[in-house]
Amino acid sequence: MAFNKRIKIKNILEQAPIDSEVTLMGWVRTKRGNKNVSFIALNDGSTITNYQIVADPTVISEEILKKCSTGACLKVTGKVVASQGSGQSSELNAESIEVLGEADPEKYPLQPKKHSLEFLREIAHLRMRTSTFSAVFRIRHALAFAVNKYFNDKGFFYIHTPIITASDAEGAGETFKVTTLDLMNPPKNTEGKIDFKQDFFERETNLTVSGQLEGELAAMALAEIYTFGPTFRAENSNTTRHLAEFWMIEPEMAFYDAEDNADLAEDFLKYVINYALENCQDDLQFLENRLTEEEKNKPADQRSEMSLIEKLKFVSENDFVRITYTEAIDILRNSNPNKKKKFQYLIDSWGADLQSEHERFLVEKHFKKPVILTDYPKDIKSFYMRQNEDGKTVAAMDILFPGIGEIVGGSQREERLDVLTKRMEEMNIPQEEMWWYLDTRRFGATPHAGFGLGFERMVQFVTGMGNIRDVIAFPRTPGNAEF
Ligand code: ATP
Ligand code: MN
């Protein structure tokens, strides 16, 4: 007989088939009781809710019950009955329990008590067995599904761009090298440098920092595409918003200008947030309660004005603010923290790069709404962004979210070959290596635009988790690649 003849707890809760005979499989969260009866809270990952197993010691032997400790994996068969206790509508009267895997209480690190997120990060191989993390990862799944559904329903095509590339698209140089050369003894060329011609790809390669450039090539044929894949940045930024390996969603569209691009990004973000609100109610409620508890430990003036779900509704129901970089600089220059020298980086002139403290001021203090910032100075943005008529700014947009800062970075792309190549010269970007990218401007060029959304920052926003390390199963950050 097949092993997996089980019902999921989620389904039992939805259907509550009173009096039916079912088999459950899952992990023990807690066990309590006395010599007459034991109550086991079982969780099988299908939902935040544990299901109560009632075990009568005249039916289930003491020896078995002893093994049903926190963390043990069980197969339980019994009858669904209306619950006597409060807190659940039905429960399972165990007729037989098979211990699939024991968890020695002396050694199992996840005993039922409050653990800090920092401690749980050290046992990332087990942390998904907590309510908090299982909720986060169910929501993460729902968001990933919503991303694909949104674009599919709009007729966008999902393109898988390469993970190993020869270009450092952004020119930032923060890449992880990919090589099969012997690091102890790499071949050298006549100039004494490493001879990558002898490497696997016969050139220097790295892990991709963005799928955009290849995405643009696809958009010049399929018109509306998106990528959703891993990206890698060897930036040594130990913040709560940066990972060395993260997932990025990058739509790229022919026949879109900067305004079309912003409209799409806003609609997309609202759709995905709404999808979570509609499909992850229990998990969101759990995380909201968790945050409310956490907030009680904060001083009153640092508590947030809205609960998690209120905040998600607020963002999905209200228009984002759209302002230019120049307008933002005026606001920041005249702001209190700037006048009182509270910013670490004071804003004194046009052209300054915005730091996260400025972005957060605009979003959290000044507008109290998501903000789409457009038309940045060309000198602080990438070579491929389309130059505006003023000769000083480019058609860039960043979307800033409360608590997160930058969640989206995008632009209308420079489709004019002469303007693009001139800019590449100014920025010392080698054109020979990018011949294929420039070909799209030589043959059938058209206005087009796109953006990149950091998926983990989105998951952070929706779950309310403060640290990006807690929304990806096995985070990669400087000094961390254990699991
Ligand atoms: P930041 O200034 O926050 O480092 P960025 O300007 O480097 O961001 P982009 O290169 O525009 O970001 O990348 C597009 C999106 O990818 C960002 O808006 C953000 O959501 C996400 N992102 C960028 N770097 C990281 C990272 N190290 N970890 C997680 N997400 C990231
Ligand atoms: Mn960055």
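These legends walk through several close-ups of a predicted model.

**View 1. The open sheet and its strand order.** Here we look at an open sheet built from 8 strands with mixed pairing. Reading across, the order goes 6-10-11-16-15-14-13-12. At the edges sit strand 6 (157-158) and strand 12 (321-324), and each of these pairs on one side only. As a reminder, strands of a sheet pair through backbone hydrogen bonds, either parallel or antiparallel.

**View 2. Strands 10 and 11, side by side.** Now zoom in on one pair from that sheet: strand 10 (residues 224-232) and strand 11 (residues 245-254). The two run antiparallel, and 9 bridges join them. If you want a spot to get your bearings, find proline 230, whose bridge partner in strand 11 is tryptophan 247.

**View 3. Two helices against the sheet.** Helix 4 (residues 131-153) lies across three strands, namely strand 6, strand 10 and strand 11. Its direction is at about 150° to strand 10. Helix 14 (residues 455-463) packs on the sheet too. Helix 14 touches strand 10, strand 11, strand 14 (393-401), strand 15 (405-412) and strand 16 (448-454), and makes an angle of about 55° with the direction of strand 16.

**View 4. Ligand 1 and the residues around it.** Ligand 1 has 15 residues surrounding it, and the closest are Glu235, His242, Glu406, Ile407 and Arg457. Sorted by class, this shell holds 6 nonpolar, 4 polar and 5 charged residues. Strand 11, strand 15 and strand 16 each chip in at least two residues, with strand 15 giving the most, at 4 residues.

**View 5. Polar neighbours of ligand 1.** Start with glutamate 235: an N or O atom in its side chain is 2.8 Å from a nitrogen atom of ligand 1. Leucine 243 uses its backbone instead, with an N or O atom there lying 2.9 Å from a nitrogen atom of the ligand. Over at glycine 454, a polar backbone atom is 3.1 Å from an oxygen atom of ligand 1. Taken alone, ligand 1 exposes 590 Å², and the protein buries 81% of that.

**View 6. Strand 1 and its two partners.** Strand 1 (residues 21-33) pairs with strand 2 (residues 38-43) in the antiparallel sense over 6 bridges. These two form a hairpin with 4 residues between them, and valine 28 stands opposite leucine 42 in strand 2. Strand 1 also pairs with strand 4 (residues 73-82), again in the antiparallel sense, over 7 bridges. There, look for glutamate 21 opposite lysine 79 in strand 4.

Definitions and conventions
Residues are numbered from 1 along each chain as its sequence is written. Chains are lettered from A and ligands numbered from 1 in the order in which they are written. This is a predicted model: local features need pLDDT of at least 70, side-chain atom pairs count only at pLDDT 80 or more; totals for chains, interfaces and linings use all residues. Side-chain values use heavy atoms; hydrogens and water are left out. Two strands pair if DSSP finds at least two bridges between them. Contact means heavy atoms within 4.5 Å. Axes are lines fitted to C-alpha atoms, for helices over the stretch in contact, and angles run from 0 to 180 degrees between N-to-C directions. A residue is near a molecule or strand if one of its heavy atoms lies within 4 Å of it. A polar contact is a pair of N or O atoms within 3.5 Å; within protein, one must be able to donate a hydrogen and the other to accept it, and residues adjacent in sequence count only if both atoms are side-chain atoms. Accessible areas come from the Shrake-Rupley method with a 1.4 Å probe; for residues, only the protein chains shown count as cover. Ala, Val, Leu, Ile, Met, Phe, Trp, Tyr, Cys and Pro count as nonpolar, Asp, Glu, Lys and Arg as charged, and the others, Gly among them, as polar.
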